[in-house]
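Biologist: Could you walk me through this chain while I look at it on my screen? I would like to start with what counts as inside and outside.
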Amino acid sequence: MLTKEITQAQRLVRTDAYQMSIGEIVSMYETEEIIIDPEFQRLFRWDIGQKSKLIESLLLGIPLPSIFVFEKGDGKWELIDGLQRISTILEFMGQLKNPEGGKQAPSILEATKYLPSLHNVVWESSDKITSASLEEQVALEKSYQLAIRRARIGVEILKRPSDDQTKYDLFQRLNAGGTQANPQELRNCIMLMVNGDYFRAIKAAAERPAFTTVIDVSEEQTERQRHMELTVRFLVHANLPYDGILDVEEFIDDGIVKLATSGDAIKVIQVMNQTFDLLNAAGGRDALRRFDGDRHVGKVGLVGLEGIAVGVAKNLDDILAQADPIAFVRQRLQDFWHQAEANSFTSPGLRGTTRIQRTVPFGARWFRP
């Protein structure tokens, strides 16, 4: 059985590998022969300390890990791993483009352990750098600029006819071990790779006041994309059946790719917006919180999202057909937590695969008028 599954899962993959100079990579970027999605730069951001250490490594001759690119139909390369390394180098040189098509301000380095004199070092002095005056900036010597341009890096090329799904899988597997991105940040990037318009529509829905009020995440959680995570989980559970076999995270990963490639974005997001408008009117920031008989307590968790929000979404048309949809939902919200089944949603040691098979079906029944 395993052998058969492995055989069926294998995809036609062709690869190649080059050693290229940093100068060649920069030239390819300038001529748009290598593509870095500008929106990725908003999702992956190194701090200046990490950027300075990378430039330090180049100056000291320390080899950099290989980057991975996907060869597109027109022969251009799409960067799928190595974004921060290449973006850091481009930004330091003043060549990094912003999402609007212009060039970002060059970066200015800080001291490192082995090269404390990197403090305030820039590729070239520039009045675009606002964190230090022209007098404070220290332009890198031409010989060191040449050393960086001549430094070599491995380029692993995933060539056609490798399929798009292989590209998404490779991107996620290569980046999943890093510290700069959590699972939802990776999903964001994959959605951008799959369907940029779909990602932007989901992002807009996740930032609507009704949704942010109901999920009630902190500023720190928002920075770590918690609002996007809850949005994606809601959309997948509301629109795709779960068989309980696939790992929950993999189900969410696969589900959002499926929705982004073949789903009706307008319809699913309209349902999401109407669902959370209704939940906000019925319960506000307490809509998904546990009700202990006197008041709502605790934080918004996955049980509320899966059992309540998804349950409302699955019955939305019938609920809106009620004489007073808000009153109906408000009463169901309070009574939800008093049901015997609800006690089984948070049992110690309960696996996510089991919980979802309880919360989603129960919510679908509970909110049926």
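Modeller: Let us settle one term before anything else: a residue counts as buried when its relative accessible area is under 20%. Please keep in mind that this is a predicted model.

Biologist: Okay, so with that cut-off, how many residues of helix 5 are buried?
Modeller: For helix 5, which covers residues 83-93, 11 of the 11 residues are buried, so this helix is largely enclosed by the rest of the structure. The buried residues of helix 5 include Leu-83, Ile-86, Ile-89, Leu-90 and Phe-92, and also Gln-84, Arg-85 and Glu-91.

Biologist: And what happens just after helix 5?
Modeller: Just after helix 5 comes Gly-94, which takes a positive phi of about 80°.

Biologist: Which residues other than glycine have a positive phi?
Modeller: Two examples are Glu-32, with phi near 60°, and Asn-120, with phi near 70°. They are worth pointing out because most residues other than glycine have a negative phi.

Biologist: Where are those two found, and are they buried or exposed?
Modeller: Glu-32 is found in the loop between helix 2 and strand 2, and with a relative accessibility of 43% it counts as partly exposed. Asn-120 is found in the loop between helix 5 and strand 5, and this residue is buried, with a relative accessible area of 16%.

Biologist: Let's zoom out, then. How many helices and strands are there in the chain?
Modeller: The chain has 18 helices and nine strands, and 49% of its 369 residues count as buried. If you take the contacts between residues at least 6 apart in sequence, 68% of them join residues at least 24 apart.

Biologist: Changing topic to helix packing, how do helix 14 and helix 15 cross?
Modeller: The axes of helix 14 (residues 265-283) and helix 15 (residues 302-314) come within 9 Å and cross at roughly 115°, and these two helices are therefore roughly perpendicular to each other. Their crossing is right-handed.

Biologist: Which residues meet there?
Modeller: From helix 14, Val-271, Thr-275, Phe-276, Leu-278 and Leu-279 meet Leu-305, Ile-308, Ala-309, Val-312 and Ala-313 of helix 15. Sorted by class, this contact has nine nonpolar residues, one polar residue and no charged ones.

Biologist: And what about helix 8 with helix 12?
Modeller: The axes of helix 8 (residues 183-194) and helix 12 (residues 226-239) come within 9 Å and cross at roughly 65°, so helix 8 and helix 12 are also roughly perpendicular to each other, while their crossing is left-handed. Gln-184, Arg-187, Asn-188 and Met-191 of helix 8 meet Met-228, Glu-229 and Val-232 of helix 12, and by class the residues of this contact divide into three nonpolar, two polar and two charged.

Biologist: Which residues touch the most other members in the largest nonpolar core?
Modeller: That core has 61 residues, and Phe-234, Phe-276 and Leu-279 touch the most other members. Leaving aside residues up to four places away in sequence, the residues touched by Leu-279 include Val-214, Leu-288, Ile-308, Val-329 and Leu-333. A second, separate core has 34 residues, among them Met-28, Ile-34, Leu-140 and Ile-153.

Biologist: One last residue: what does Leu-235 touch?
Modeller: Leu-235 is found in helix 12, and at 0% relative accessibility it counts as buried. Not counting residues up to four places away in sequence, Leu-235 touches Ile-202, Leu-259, Val-268 and Met-272.

Terms used: Residues are numbered from 1 along each chain as its sequence is written. This is a predicted model: local features need pLDDT of at least 70, side-chain atom pairs count only at pLDDT 80 or more; totals for chains, interfaces and linings use all residues. Side-chain values use heavy atoms; hydrogens and water are left out. Axes are lines fitted to C-alpha atoms, for helices over the stretch in contact, and angles run from 0 to 180 degrees between N-to-C directions. Helices (H or I, at least four residues) and strands (E, at least two) are DSSP runs, numbered from the N terminus. Angles under 35 degrees count as roughly parallel, over 145 as roughly antiparallel, 65 to 115 as roughly perpendicular and the rest as oblique. A crossing is left-handed if the near helix is turned anticlockwise from the far one by less than a right angle, and right-handed if clockwise. Contact means heavy atoms within 4.5 Å. Ala, Val, Leu, Ile, Met, Phe, Trp, Tyr, Cys and Pro count as nonpolar, Asp, Glu, Lys and Arg as charged, and the others, Gly among them, as polar. A nonpolar core is a set of buried Ala, Val, Leu, Ile, Met, Phe, Trp, Tyr and Cys residues joined through side-chain atoms within 4.5 Å. Buried means under 20% relative accessible area, exposed over 50%, partly exposed in between (1.4 Å probe, protein chains only).
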